[in-house]
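Take a moment with the sequence and the 3D view. Then read on for a short report on the fold.

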Amino acid sequence: MMTKQNKLDVVTFGEPLVMFYANEIGELDQINSFSKALAGAESNVAIGLSRLSHRTGLVAKLGNDSFASFIKATLQHEGVDISSISTSDERPTGMLIKSKVASGDPKVEYFRKFAAASTLNLSDFDHSYFESARHLHATSISAALSDECFEFATFAMEHMKRQGKTVSFDPNLRPVLWKDEKTMIEGVNKLAILSDWFLPGLGEGKRLTGYDTPEAIADFYLERGPSIVVIKLGPEGAYYKTKESQGIVNGFKVEQVIDTVGAGDGFAVGVISGLLEGLTLPEAVKRGNAIGALAVMSPGDMDGLPDRAKLEGFMKI
């Protein structure tokens, strides 16, 4: 187990999944050939940060099966610490299948309802491991899996704030995981106000607050807890606001959109890494826009996440 003397830069928690993605365009029930990869918003962020030389760790619960072995091997290969991934003998590891499309968003079907990840609870919280990190990144995906997972997410965010750590939160809305719209909005907003850096998309912000403009959405959260709100605007870039400043950072030109899945995770990697490295907020948002652009030009969830040389080369174009 990693000690406080061997510190992490970022810790995150969630559900890594095995993904089978179609090798040809068409409806999923008509596809016979799939390739295997790792998926999951939190693991995407952990890997993206690791590729930029940040020490990252992922907390999760997986089944005692071959899927789990694949996930752990992949994370280790990417330099992510897996010493706080635990195993359940009663529940399997979750998976998903994803279509291939010529344009737009692919169809994704999840098989995670009874997976081990939904049993993550407070007894799995390792204080020393979390406290070894400078920063916590969270999403609402794992929090939506069960009441126990929501309690874990709430405790983790509150605990890290009490320890003087920074906390980022990407809502990553998955309505299908929640009981209903009202429960989702209340739950996600409860977690959002526990964060320091809140990173919603514009559509998510509208859905969560009822406000239509980036400025009004940002004000809603700045009045309740976060010190930084960055709202993803798609190809137009991103809007940021703090109590002292605000602005829009233009997006990067994308030659061809291949797969939009993972763009928000790439954006989070850019903003988090930039702020941890001492960049100004506009500079960090610009990095987020760059990695988001690289993500949509790549086929897999994490294929486009760059190392530092690739990132710097792309940002100079």
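What share of the accessible surface of the protein chain belongs to carbon and sulfur atoms? The answer is 50%, out of a surface of about 13500 Å². Keep in mind that this is a predicted model.

**The whole chain**

The protein chain has 11 helices and 13 strands. Its radius of gyration is 18 Å, close to the 20 Å that the globule rule gives for 317 residues, so the chain is as compact as a globular protein of that length. Along the principal axes, the C-alpha atoms fill a box of roughly 50 × 45 × 40 Å.

Of the 317 residues, 56% count as buried. Contacts also tell us about the fold. Take those between residues at least 6 apart in sequence: 70% of them join residues at least 24 apart.

Charges come next. The chain carries 33 positive and 41 negative charges. The mean positions of these two sets are 3 Å apart.

**The sheet**

Nine strands form an open sheet with mixed pairing. Their order is E5-E4-E1-E8-E9-E10-E11-E12-E13. Strand E5 (85-88) and E13 are the edge strands, and each pairs on one side only.

Two of the strand pairs are set out here.

| Strand pair | Sense | Bridges | One bridge |
|---|---|---|---|
| E1 (residues 8-13) and E8 (residues 133-139) | parallel | four bridges | valine 11 with leucine 136 in E8 |
| E12 (residues 237-241) and E13 | antiparallel | five bridges | glycine 237 with asparagine 250 in E13 |

A hairpin of four residues links E12 to E13.

**Two faces of an edge strand**

Look closely at E13, which spans residues 246-250. Which of its residues lie on the covered face? They are Gly247 and Val249. The uncovered face holds Gln246, Ile248 and Asn250. Why the alternation? In a regular strand the side chains alternate between the two faces of the sheet. Asn250, on the uncovered face, is also the bridge partner of glycine 237.

**A helix and its neighbours**

Now turn to helix H8, residues 214-222. Its buried residues are Ile217, Ala218, Phe220, Tyr221 and Leu222. What do they pack against? Two helices are on the list: H6 (181-192) and H7 (202-209). Three strands join them: E10 (197-198), E11 (228-232) and E12. E10, E11 and E12 also follow one another in the order of the open sheet.

Key
Residues numbered from 1 in each chain as written. Predicted model: local features only at pLDDT ≥ 70, side-chain atom pairs only at ≥ 80, totals over all residues. Heavy atoms only, no water. Rg over C-alpha atoms; globule rule 2.2 N^0.38 Å. Buried < 20%, exposed > 50% of the residue type's maximum accessible area, 1.4 Å probe, protein only. Contact = heavy atoms within 4.5 Å. Areas by Shrake-Rupley, 256 points an atom, 1.4 Å probe, with all protein chains shown as cover. Lys, Arg positive; Asp, Glu negative; His and termini not counted. Charge placed at Lys NZ, Arg CZ, Asp CG, Glu CD. Pairing = 2+ DSSP bridges.
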